[in-house]
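Work through the following exercises with the coordinates open, and compare each result with the worked solution beneath it.

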Amino acid sequence: MKVGLFIPCFMNELYPNSSMATLKLLKKFDMDVEYPMDQTCCGQPMANSGCSKDMKTLALRFVDIFKEYDYIVAPTGSCVTMVKDHYKPFFDEDDKDYNKVKTSIYEVCEFLHDIIKVEKIDSYFPHKVGVHNSCHGHRGLKLGSPSELNIPKNNKLKNLLNLVEGIEIVELNRDDECCGFGGTFSVTEEDISVAMGKDRIKDHIDSHVEIMTGADMSCLMHMQGLVNRENKPLKIMHITEILAGEV
């Protein structure tokens, strides 16, 4: 299979280690990966701000760039959700290229768990880890079972992390609460956003977590800023870094 690697624009600029860990992880499982050099933003910031004309331009560009790949993989649930669920108004219902892309794009943990069905990960990470279940991934992509649905528990992120040698997954008091980032919500509703982020950090620290991880770097970025400002004893890592064996 030919995999097109999509790296969100902010991760490309601010989190090269997490981006490279995603590539390293896919290569570890012998994937034939290409990184299209002309890729840009998926359009989510424009969508959040009501700039539909700009979003359409980026949606058309995204589909044109990635339509030839068997699978498209990205280290972020929110951007994947954007492509799968929010490009629809810009394409005809029978547009074969968009229909191909929206059914071929996966968040990296979803891809490893559901498509290539990883059963062994040759990585070692001897730390207490807390998993932040971001809203887009957890509820939009169904990477885990939301607590409000009262259904049997399952979590694809934790299933993968449990394959890592030496790791201890810590159960949190509020397992799937929003961090408050919400893209432009963190700008327009700063006080609420900060309070929600602090609640998530406190839950991790109260649970004696050493490393907070998750599948959405945007949420982790939000909480990393709060951790840094208040010098909290908590390290933030994208899940791909842990799965790839980055210590």
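**Exercise 1.** Find which residue of strand 8 stands opposite glycine 214, and work out how the chain passes from strand 7 to strand 8.

Solution. Begin with the residue pair: glycine 214 faces histidine 238, which belongs to strand 8. Next, consider the strands themselves, where strands and helices are DSSP runs numbered from the N terminus (E, at least two residues, for strands; H or I, at least four, for helices). Strand 7 and strand 8 run parallel and are joined by four bridges, and two strands are said to pair if DSSP finds at least two bridges between them. Finally, follow the chain from strand 7 through helix 12 to strand 8, a β-α-β crossover that is right-handed, in the sense that, with the strands pointing away from the viewer, the path from the first strand over the helix to the second runs clockwise.

The model is predicted, so local features need pLDDT of at least 70 and side-chain atom pairs count only at pLDDT 80 or more, whereas totals for chains, interfaces and linings use all residues. Residues are numbered from 1 along each chain as its sequence is written, and side-chain values use heavy atoms, with hydrogens and water left out.

**Exercise 2.** Establish the strand order of the open sheet and identify its edge strands.

Solution. The four strands follow the order 6-5-7-8 with parallel pairing. The edges are strand 6 (168-169) and strand 8 (235-238), each of which pairs on one side only. At the strand 6 edge, two bridges join strand 6 to strand 5 (residues 128-132), and lysine 128 has glutamate 168 as its bridge partner in strand 6.

**Exercise 3.** Classify the ring pair of phenylalanine 6 and phenylalanine 62, and decide whether each residue is buried or exposed.

Solution. Rings of Phe, Tyr and Trp (its six-membered ring) pair if their centres lie within 6.5 Å, and planes under 30 degrees apart count as stacked, over 60 as edge-to-face and the rest as tilted. By this rule there are twelve aromatic pairs. For phenylalanine 6 and phenylalanine 62, the centres are 5.0 Å apart and the planes make 85 degrees, an edge-to-face arrangement. Phenylalanine 6 lies in the loop between strand 1 (2-5) and helix 1 (9-14), while phenylalanine 62 lies in helix 4 (residues 52-66), 56 residues apart. With relative accessible area under 20% counted as buried, over 50% as exposed and in between as partly exposed (1.4 Å probe, protein chains only), phenylalanine 6 is buried at 0%, and phenylalanine 62 is buried at 3%.
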